Amino acid sequence: MSEPQHQDPPPASDPDSDPPRRSRWLGVLIVAFALVVGLGMFNIGRLIIRPKPEVTAADRLIEASPRLQQGRELVTRSSDCMRCHTMELDVVGPGFRNIAKRYADRDDAVPYLARKIREGSVGEWGRIVMPRHPQVTQEQAELMAGWLMALRPANAPAASPP
Ligand code: HEC
């Protein structure tokens with residue numbers, strides 16, 4: 001007369017008679033958390049995508065001027081400039097916006113840079129040599145330099161009277 005070894009498992013608690021209160025709150029919490037995270041990501045994305053005001057000012061100026069657009073095309077498409085330069089970052093050569101920033105206060109920035117583009121440069125930014133560009137004409141070099149200087153941050157008209 002041993003005790004029965006096997007018993008039926010105890011009946012599972014009836015879900016209807018015992019509503020899962022706790023898991024409902026957990027659900028609400030998870031949804032709220034997901035909402036906060038989602039909104040946060042959206043906001044970060046917005047901040048990343050929003051262009052800097054100085055960038056939009058330069059863009060407006062360029063869009064209004066065929067000569068500046070011509071200069072942009074010459075630099076970004078027709079020549080080898082983008083092999084060593086980018087808009088923002090210093091890679092082999094300095095970033096174009098950094099060049100514009102550096103010479104922003106020089107009245108002769110456009111002729112100076114036009115000469116550098118044609119004759120090459122070394123020692124201004126580092127020890128890497130920028131090669132000469134004899135195939136670039138004087139007029140093309142000035143268009144290029146004009147576009148470059150339009151990228152300068154405080155895009156006030158060049159020399160303001162004292
Ligand atoms: C082989 C790489 C290379 C190519 C191609 C190149 N650059 Fe450069 N660029 C450089 C380097 C390196 C410097 C920094 C030179 C220095 O320190 O004086 C520079 C500097 C410059 C400067 C600033 C010069 C100064 O005196 O501050 C300008 C403007 C410039 N490049 C424009 C151009 C344009 C426009 C083109 C296309 C026609 C071009 N670069 C093609 C590597 C290059």
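**An all-helical predicted model**

Among the elements of the protein, helix α5 (residues 109–119) has the highest mean pLDDT, 98, and α2 has the lowest, 85. The model is a predicted one, and the mean pLDDT of the protein is 87, with 82% of the residues reaching 70 or more. Over residues 156–162 pLDDT stays under 50, and for this stretch the model has 2 contacts beyond four places in sequence.

The secondary structure comes to 6 helices and 0 strands. From the N terminus on, the order of elements is accordingly α-α-α-α-α-α. Of the 162 residues of the protein, 19% count as buried. Contacts between residues at least 6 apart in sequence can be divided by their separation: 61% of them join residues at least 24 apart.

The interior may be considered next. In general, nonpolar side chains tend to be buried together in soluble globular proteins. Here the largest nonpolar core has 23 residues, and those with the most contacts inside it are M144, A145, L148 and M149. At least two residues of this core are supplied by each of α3, α4 (96–102), α5 and α6. The largest share, 8 residues, comes from α6. M144 illustrates the contacts made across the chain: leaving out residues up to four places away in sequence, M144 touches G71, L74, V75 and I117.

Two of the helices that supply this core, α3 and α6, also pack against each other. Two packed helices are described by the angle between their axes and the distance between the axes. For α3 and helix α6 (residues 138–150), the angle is about 105° and the axes are 7 Å apart. Because angles of 65 to 115 degrees count as roughly perpendicular, α3 is roughly perpendicular to α6. On the α3 side the contact is made by R67, L68, Q70, G71, R72, L74 and V75, and on the α6 side by Q140, L143, M144, G146, W147 and A150. By residue class, this contact comprises 7 nonpolar, 4 polar and 2 charged residues.

The loops on either side of α3 each hold a serine. S65 lies in the loop between α2 (53–63) and α3 (66–78). S65 is partly exposed, because 15 other C-beta atoms lie within 10 Å, a count between the limits of 12 or fewer for exposed and 20 or more for buried. The C-alpha atoms of S65 and W147 are 9.8 Å apart in space, although the two residues are 82 apart in sequence. W147 is also one of the α6 residues in the contact with α3.

S79 is found in the loop between α3 and α4. S79 has 17 other C-beta atoms within 10 Å and is therefore partly exposed. Leaving aside neighbours within four places in sequence, S79 is in contact with L74, H133 and V136. Of these, L74 also belongs to the α3 side of the contact with α6. A further relation across the chain links S79 with Q135: the two residues are 56 apart along the chain, and their C-alpha atoms are separated by 9.4 Å.

F96, in helix α4, provides a contrast in burial. With 22 C-beta neighbours inside 10 Å, F96 counts as buried, since the cut-off for burial is 20 or more. Not counting residues up to four places away in sequence, F96 touches H85, M87, L148 and L151. One of these partners, L148, is among the residues with the most contacts inside the largest nonpolar core. F96 also lies 6.4 Å from T86, C-alpha to C-alpha, with their positions 10 residues apart in sequence numbering.

Definitions and conventions. Residues are numbered from 1 along each chain as its sequence is written. This is a predicted model: local features need pLDDT of at least 70, side-chain atom pairs count only at pLDDT 80 or more; totals for chains, interfaces and linings use all residues. Helices (H or I, at least four residues) and strands (E, at least two) are DSSP runs, numbered from the N terminus. Axes are lines fitted to C-alpha atoms, for helices over the stretch in contact, and angles run from 0 to 180 degrees between N-to-C directions. Angles under 35 degrees count as roughly parallel, over 145 as roughly antiparallel, 65 to 115 as roughly perpendicular and the rest as oblique. Two residues are in contact if their C-beta atoms, placed from the backbone, lie within 7 Å. Ala, Val, Leu, Ile, Met, Phe, Trp, Tyr, Cys and Pro count as nonpolar, Asp, Glu, Lys and Arg as charged, and the others, Gly among them, as polar. pLDDT is the predictor's confidence in each residue, from 0 to 100. A nonpolar core is a set of buried Ala, Val, Leu, Ile, Met, Phe, Trp, Tyr and Cys residues joined through C-beta atoms within 7 Å.
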